[in-house]
Amino acid sequence: MSNGFSALNIDLAIALQWGQFQARFFGQVAHELRSPLSTIMGLQQLILTDLCESPAEERAFIAESYAASQKLLGLLDLAIAVSKLDYGQSSKQAEWFDLETLLRELESLLKVKAQNNNLRLIIAHPVGATLDIFGDRHHLHQFFLTLIDTTLQRAPQGTIHLSYGSQQNKITFQLTSTQTTDFWRETHVPNLTLGDRPSLEEVQQLAQALEFSPALKWQLCKKLLASYGGTLTRHYQDQTMQVMGQFPQPHR
């Protein structure tokens, strides 16, 4: 009987911790979404108050407002993904998929962005091994996209290297990059304040800067991987950031 109570107490403790995380996370989400929402409203106000100098500029501002709205929708999708990760509840979207195929898709998607930032993105795929995963493919795609893309945004130079494989019935991976600081600790978001008469270039740069803070993204990545029963850690030393993770490898 005591073992039953002990297990119940552990489940209750984990559920309480999860509830506390959800409360903190969504409090931070609400705080960080105020800035991009205010930016979009500011863009629309420029248009409504006839501050554009020509119909062409007005259309350009409308296009940037739409792009900013899409970025905001993407941030909301990230938050919704976490909101659906209920403790002790398996995903309703679970399916079998190949990890290599997923990462090759991301490699193709992000390689051009890396080149535009004068960086190299290398994903070392294991030879002769098929890593079948059972779970929500969208969640794991979102996890690796957020992890790699945020690193691309923050790496000053050099190569971003991701390696992965199977070890002792677990999928393991390591992401290495050159960094000047542990940027995952940063809780601030860019200043998105619009001036009285911003240029189109300033508006474009501002729309591209709509992001969650790295610290919030790190928490999101940890919880996405936790939905697979995995863990995520990082180690920063000598201007090198190493992000390590693992999760159980299911068997068909």
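D136 counts as buried in this predicted model, because its relative accessibility is 9%, under the 20% limit for buried residues. The residue lies in strand β3, which spans residues 132-136. Its side chain reaches the backbone nitrogen of H138. The distance of that contact is 3.0 Å.

The chain that holds D136 contains six helices and seven strands. From the N terminus on, the order of elements is α-α-β-α-β-β-α-β-β-α-α-β-β. Of the 252 residues in the chain, 38% are buried. Contacts with a separation of 6 or more were also sorted by distance in sequence. Residues 24 or more positions apart account for 77% of them. The accessible surface of the chain comes to about 14,200 Å². Carbon and sulfur atoms supply 51% of that surface.

The interior was examined next. In soluble globular proteins, nonpolar side chains tend to be buried together. The largest nonpolar core here has 51 residues. Six of these touch the most other members: L99, L140, F143, F144, L147 and F173. The surroundings of F144 were listed without its neighbours within four places in sequence. On that basis, F144 is in contact with L99, L102, L103, L106, L162 and F173.

Nonpolar side chains also occur at the surface. L73, L76 and I80 make a nonpolar patch of about 250 Å². L76 is found in helix α2, which covers residues 55-83. With a relative accessibility of 35%, L76 counts as partly exposed.

A search of the whole structure finds six salt bridges. Among them is the pair K111 and E107, whose side chains meet at 3.7 Å, N to O. Both residues belong to helix α3 (residues 99-116). They are four residues apart, so about one helical turn separates them. The two partners fall into separate accessibility classes. K111 is partly exposed, because its relative accessibility is 35%. E107 is buried, because its relative accessible area is 11%.

Another salt bridge joins the side chains of R154 and E186 at 2.5 Å, N to O. This pair links distant parts of the chain, 32 residues apart. R154 is in helix α4 (residues 137-154). E186 is in the loop between β5 (170-178) and α5 (200-208). R154 counts as partly exposed, at 32% relative accessibility.

R234 and D182 form one more of these pairs, with their side chains meeting at 3.0 Å, N to O. R234 lies in strand β6 (residues 231-237), and D182 lies in the loop between β5 and α5. The salt bridge therefore ties together parts of the chain that are 52 residues apart in sequence. R234 is partly exposed, with a relative accessible area of 27%. D182 is buried, because its relative accessible area is 16%.

The loop between β5 and α5 thus appears in two of the pairs described, through E186 and through D182. E186 is paired with R154 of helix α4, whereas D182 is paired with R234 of strand β6. The K111 and E107 pair, by contrast, lies within helix α3.

Key. Residues are numbered from 1 along each chain as its sequence is written. This is a predicted model: local features need pLDDT of at least 70, side-chain atom pairs count only at pLDDT 80 or more; totals for chains, interfaces and linings use all residues. Side-chain values use heavy atoms; hydrogens and water are left out. Buried means under 20% relative accessible area, exposed over 50%, partly exposed in between (1.4 Å probe, protein chains only). A polar contact is a pair of N or O atoms within 3.5 Å; within protein, one must be able to donate a hydrogen and the other to accept it, and residues adjacent in sequence count only if both atoms are side-chain atoms. Patches are made of residues with over 30% relative accessible area and no salt bridge: like charges are joined within 9 Å, nonpolar side chains (Val, Leu, Ile, Met, Phe, Trp, Tyr) within 5 Å. Accessible areas come from the Shrake-Rupley method with a 1.4 Å probe; for residues, only the protein chains shown count as cover. A salt bridge is a side-chain nitrogen of Lys or Arg within 4 Å of a carboxyl oxygen of Asp or Glu. A nonpolar core is a set of buried Ala, Val, Leu, Ile, Met, Phe, Trp, Tyr and Cys residues joined through side-chain atoms within 4.5 Å. Contact means heavy atoms within 4.5 Å.
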